[in-house]
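Biologist: Please take a close look at one helix pair in this model, and then place that pair in its wider setting. I should like the geometry first and the residues afterwards.

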Amino acid sequence: MSKYETVIGLEIHAQLLTESKMFCGCSTKFGNKPNTNICPVCTGQPGVLPVTNKKAIELAIKTAIALSCKIEPSSVFARKNYFYPDLPKAYQVSQYELPLATGGHIEIEVAGQKKRIGIIRVHLEEDAGKLVHQGADRIMGSDSSLVDYNRTGVPLMEIVSEPDIRSPLEAKAFMETLQHLLQFIQVCDAKMEEGSLRCDANISIRPVGDKKLGTKTEIKNMNSFRGVLKALGSEEKRHAEVKEAGGTIIQETRYFDDTTETTTGMRSKESAHDYRYFPEPDLVPVEPEGAWISEIKKTIGELPEAKKQRFETECGLSAADAELLISSPVLAAFFEQAIKLHDKPKIVANWIMGDLTAYLNENKKAIDEIDFTPAQLVEILKSIDKGTISGKIAKTVLVEVLKSGKQVKDVIAESGMTQVSDEGEIIKIIKEVLKHNPGPVAEYKKGKKATIGFLVGQVMKASKGRANPGMANKLLAKLLAES
Amino acid sequence: MHGKTAHELHSLLTNKKISALELTEAVISQIDKVESRVQAYVSINKDQAIKQAKAADERIKNNSNLTPLTGIPVAIKDNMCTKGMLTTCSSKILNNYIPPYNATIVDKIKAAGAVILGKTNMDEFAMGSSTENSGIHPTFNPWNTKTVPGGSSGGSAAAVAADEAILATGSDTGGSIRQPASFCGVVGFKPTYGRVSRYGLVAFASSLDQIGPLTKDVTDTAILMNVLAGHDPKDSTSVNLPVPDYQKALVNDVKKMKIGYIKELLGKGIDKDIKSEIQKAMKKFAELGAELIEVSLPSFEYAVATYYLIAPAEASSNLARYDGVKYGHRSKEAKDLLTMYYNTRREGFGNEVKRRIMIGTYALSAGYYDAYYLKALKVRTLIKEDFAKAFSQCDVLLSPTSPSVAFKVGEKAADPLSMYLSDIATIPVNLAGLPAISLPCGFSQGLPIGLQLVGQAFAEETVLRAAFTFEQNTDWHKQKPSL
Ligand SMILES: [Zn+2]
């Protein structure tokens with residue numbers, strides 16, 4: 001047990017799923033040729049003015065509601081002033097003193113323990129451009145640098161947590177839960193590796209029991225969940241080592257290096273900024289009407305945590321199964337549509353998480369990227385219930401349907417894999433089997449009843465697995481008794 | 001014909017007494033004759049103007065799409081973006097800047113069929129009251145070329161006064177339309193903040209800037225206002241209110257109109273001759289049946305100080321984009337990013353611009369923000385309240401536009417503070433966002449004196465009516481400088 005307690009607060013930037021940029025009509029599409037998604041406004045030409053993207057406000061409000069925040073009746077955009085070539089106006093339009101929403105929370109779970117993490121604020125801002133350096137990997141020392149303004153002005157939502165997080169593991173869980181939530185309510189695709197979800201952390205340590213916070217450092221450049229874990233792990237260790245050696249922590253910004261898995265400080269000169277925030281005079285305050293907020297609330301639907309609870313209580317799924325199903329909103333929706341058609345949630349869940357998920361993983365596809373519907377799955381499951389196919393054959397049918405995209409009934413018919421439930425046909429097979437296995441038949445008659453299992457196996461083998469096993473069992477017993 | 005007003009020329013054009021081409025050529029030949037002594041323009045667009053005049057003649061010939069502006073030569077202040085045409089703000093930092101888009105008001109003027117003659121000189125980035133701060137060349141007052149034309153729209157005012165344009169646009173942040181109108185003996189009108197789109201107006205101080213007309217009489221002001229005014233979805237601060245027909249407001253009648261004369265602007269610091277001419281104007285209004293009331297606006301004392309915090313603060317941010325990265329001047333000396341910034345801005349900006357950027361940066365800095373910027377915003381509110389109180393007693397406020405007539409070139413150049421004080425009558429109006437006009441009301445030492453009339457927000461019609469009535473009953477506006 002460490003003698004220090006770690007205190008972490010996170011600042012998350014999430015790229016909102018809007019068609020156009022925060023303050024102009026340019027596309028937010030990723031991967032276009034450099035400087036093609038640009039206009040006078042987002043390149044900061046003299047004289048241009050911003051116009052706020054209503055969709056971006058809507059998505060941020062949606063998030064704020066999902067995080068149980070208070071939507072502020074009036075929030076104000078501000079200018080954050082600093083010079084950098086990727087920032088064409090030399091100020092970023094953001095929200096400062098009066099953010100869009102304040103005071104929410106989110107529930108995380110680490111090692112079976114639930115914990116509530118406070119959310120200080122949710123606000124909107126615009127992204128900067130992208131620099132490409134020639135001859136060095138930073139602007140200092142490079143021969144030349146090129147700037148791509150395609151990303152300039154893309155809407156970002158900043159979510160700031162309370163310093164309620166107590167370990168790197170909790171930080172990682174927070175990020176995962178938040179990612180899941182943002183994806184679930186469809187405001188952000190939230191892929192850390194692609195930069196649509198980014199996070200900076202403030203971390204400090206203090207002796208266990210102390211109320212006063214230690215000096216914090218700000219950690220940047222954590223580009224994956226693993227990065228969050230490693231960066232904060234190495235930084236809390238560094239803090240402890242500095243303190244143990246009698247040193248003091250310097251308040252600074254530190255960069256995480258993915259390869260060394262450690263953080264390095266920047267020269268303090270670079271991190272000492274006075275951004276000279278002041279209210280953006282070119283924009284009017286954001287004052288969302290109550291009716292609009294109610295409309296947005298309706299679009300949220302059931303949040304993942306509530307859905308999970310319902311899957312457990314109403315569908316009788318285990319916590320682990322419910323968790324797996326809600327891990328993706330499309331998977332959960334698939335499950336819910338399927339059980340509407342086939343009220344056997346446990347069986348449906350098993351098939352989704354078993355064979356279907358196995359196929360998806362193998363082919364690196366998401367469920368909404370393939371041409372397979374809940375109705376098709378239910379058709380297969382109903383064929384088992386009707387006895388048309390066996391459970392084992394159903395697995396083959398599923399894979400065939402997934403691969404070929406054919407209709408379920410066609411796959412079953414074409415494969416000749418339908419179950420044989422015709423009494424005459426099964427009797428014919430049994431008679432064949434009895435004729436070729438005089439030994440086991442004799443043993444059975446002597447009283448070794450278990451031998452029937454072997455004989456059923458032979459019947460199944462002879463029918464290439466198609467004989468209805470229940471009928472085979474019954475008829476075999478009958479014929480043995482008669483012979 | 002270059003000496004006539006737009007409304008006079010409009011009937012000559014539509015009655016086919018003159019052609020638009022003849023008119024444009026007449027104005028161009030006047031430019032050729034006097035421009036070397038006045039230097040009103042930064043760039044003149046003769047070939048384009050001739051082309052546009054021919055197009056206007058087509059419209060007139062076909063009697064299609066005629067407006068009171070069709071075929072009328074107009075000069076545009078050089079801080080309004082003109083697509084494909086230099087827009088320098090009279091600054092070295094933008095001396096090669098050709099905008100990729102038109103300001104909304106430029107689109108409107110073009111759509112009305114006007115002929116755009118060229119871009120007029122100004123104090124660099126509209127910072128100044130004499131047009132001596134132009135980074136290109138100074139402009140001289142047509143009434144006496146040893147004196148300044150006022151500023152910052154000195155080029156536009158001088159062009160109209162010298163008949164080098166029939167109409168001109170100006171921008172007014174602290175008096176930049178009204179004070180040069182007063183110095184040059186023309187009519188200058190600053191509409192209510194939000195009445196005219198600022199999209200494409202290169203920002204000086206966003207919360208104060210407003211575009212308006214400079215014309216030879218009040219009727220022409222109403223005509224140009226009919227084109228300029230109106231909501232623009234590209235400017236979030238432009239107000240979505242119906243626009244009246246301003247020409248209809250031109251009624252020669254002020255009976256029972258309550259005109260408040262501002263006590264603080266008829267006392268200390270106001271030139272003796274100006275005081276006496278303003279008193280004569282008040283007498284004239286009384287003769288015409290208006291009721292004159294003395295009003296006091298005690299907060300005026302703080303207006304100049306307040307303005308010189310708010311305007312530079314916004315300017316320091318607005319002008320940060322001129323960094324040599326994207327357009328305009330870039331220092332050739334720089335070896336790295338920081339020296340590129342330093343050298344570009346050192347070489348590109350003039351002294352007054354640098355002075356205001358420094359004042360503004362200081363006022364917004366951490367630790368000073370509350371004492372300067374925030375305090376200034378509070379005083380701004382007090383000034384608005386003082387105006388509201390005054391307007392509870394009267395319809396229009398009256399004062400001199402400027403405490404003095406045009407001063408000598410170089411006289412105040414070395415004393416910025418006395419230059420700042422020359423805007424004492426105009427600045428409070430911008431801080432309150434109100435509409436105000438300056439119109440000729442007399443002479444002192446052969447130089448024009450301007451009368452300022454201020455209205456309530458969006459009560460442009462009342463201001464125009466009072467101004468029109470005064471004009472119809474005096475003949476100051478008919479005086480012409482002898483160049
Ligand atoms: Zn754009």
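**An oblique helix pair in chain A**

Modeller: In this predicted model, H8(A) and H10(A) are oblique to each other, because their angle falls outside the ranges for roughly parallel, roughly antiparallel and roughly perpendicular pairs. Helix H8 of chain A covers residues 329–341 and helix H10 of chain A covers residues 374–386. They pack at an angle of about 45 degrees, and their axes lie 9 Å apart. The crossing that H8(A) makes with H10(A) is right-handed. On the side of H8(A), the contact is formed by Phe334(A), Gln337(A), Ala338(A) and Leu341(A). H10(A) contributes Pro374(A), Ala375(A), Leu377(A) and Val378(A). Sorted by class, this contact of H8(A) with H10(A) holds seven nonpolar residues, one polar residue and no charged residues.

As for the wider setting, chain A is divided into domain 1 (4–290), domain 2 (302–415) and domain 3 (423–482). The centres of domain 1 of chain A and domain 3 of chain A, taken over C-alpha atoms, are separated by 70 Å.

Chain A also has paired strands. Strand E1 of chain A, residues 4–15, pairs with strand E10 of chain A, residues 197–207, in the antiparallel sense over eleven bridges. Within this pairing, Ile12(A) stands opposite Cys199(A) in E10(A). E1(A) is also joined by five bridges to strand E9 of chain A, residues 155–161, and these two strands run antiparallel. Here Gln15(A) stands opposite Leu156(A) in E9(A).

A second helix pair, in chain B, may be set beside the one in chain A. Helix H2 of chain B (residues 20–38) and helix H3 of chain B (residues 46–62) pack at an angle of about 155 degrees, with 7 Å between their axes. H2(B) and H3(B) are therefore roughly antiparallel to each other, as angles over 145 degrees count as such. The crossing in which H2(B) passes H3(B) is right-handed. From H2(B), Ala20(B), Leu21(B), Thr24(B) and Ile28(B) take part in the contact. The residues they meet in H3(B) include Lys46(B), Ala49(B), Ile50(B), Ala53(B) and Asp57(B). The contact of H2(B) with H3(B) divides into eight nonpolar, one polar and three charged residues.

Chain B further contains an open sheet of eleven strands with mixed pairing, in the order E1-E3-E2-E4-E6-E5-E10-E11-E9-E7-E8. Strand E1 (41–44) and strand E8 (291–295) of chain B stand at the edges with a single partner strand each, so one side of each has no neighbour in the sheet. On average, neighbouring strands of this sheet are turned by 30 degrees against each other, direction ignored. Within the sheet order, E5 is followed by E10. Strand E5 of chain B (residues 187–190) and strand E10 of chain B (residues 436–444) run antiparallel and are joined by three bridges. The bridge partner of Gly188(B) in E10(B) is Ser438(B).

Finally, the two chains touch. Their contact takes 26 residues from chain A and 35 residues from chain B. On the side of chain B that touches chain A, the elements giving two or more residues are helix H9 (303–318), helix H10 (337–348) and helix H11 (351–364) of chain B. H9(B) gives the most to this side, with three residues. By class, the side of chain B that touches chain A has 20 nonpolar, eight polar and seven charged residues.

Definitions and conventions
Residues are numbered from 1 along each chain as its sequence is written. Chains are lettered from A and ligands numbered from 1 in the order in which they are written. This is a predicted model: local features need pLDDT of at least 70, side-chain atom pairs count only at pLDDT 80 or more; totals for chains, interfaces and linings use all residues. Domain bounds come from an automatic or database domain assignment. Two residues are in contact if their C-beta atoms, placed from the backbone, lie within 7 Å. Helices (H or I, at least four residues) and strands (E, at least two) are DSSP runs, numbered from the N terminus. Ala, Val, Leu, Ile, Met, Phe, Trp, Tyr, Cys and Pro count as nonpolar, Asp, Glu, Lys and Arg as charged, and the others, Gly among them, as polar. Two strands pair if DSSP finds at least two bridges between them. Axes are lines fitted to C-alpha atoms, for helices over the stretch in contact, and angles run from 0 to 180 degrees between N-to-C directions. Angles under 35 degrees count as roughly parallel, over 145 as roughly antiparallel, 65 to 115 as roughly perpendicular and the rest as oblique. A crossing is left-handed if the near helix is turned anticlockwise from the far one by less than a right angle, and right-handed if clockwise.
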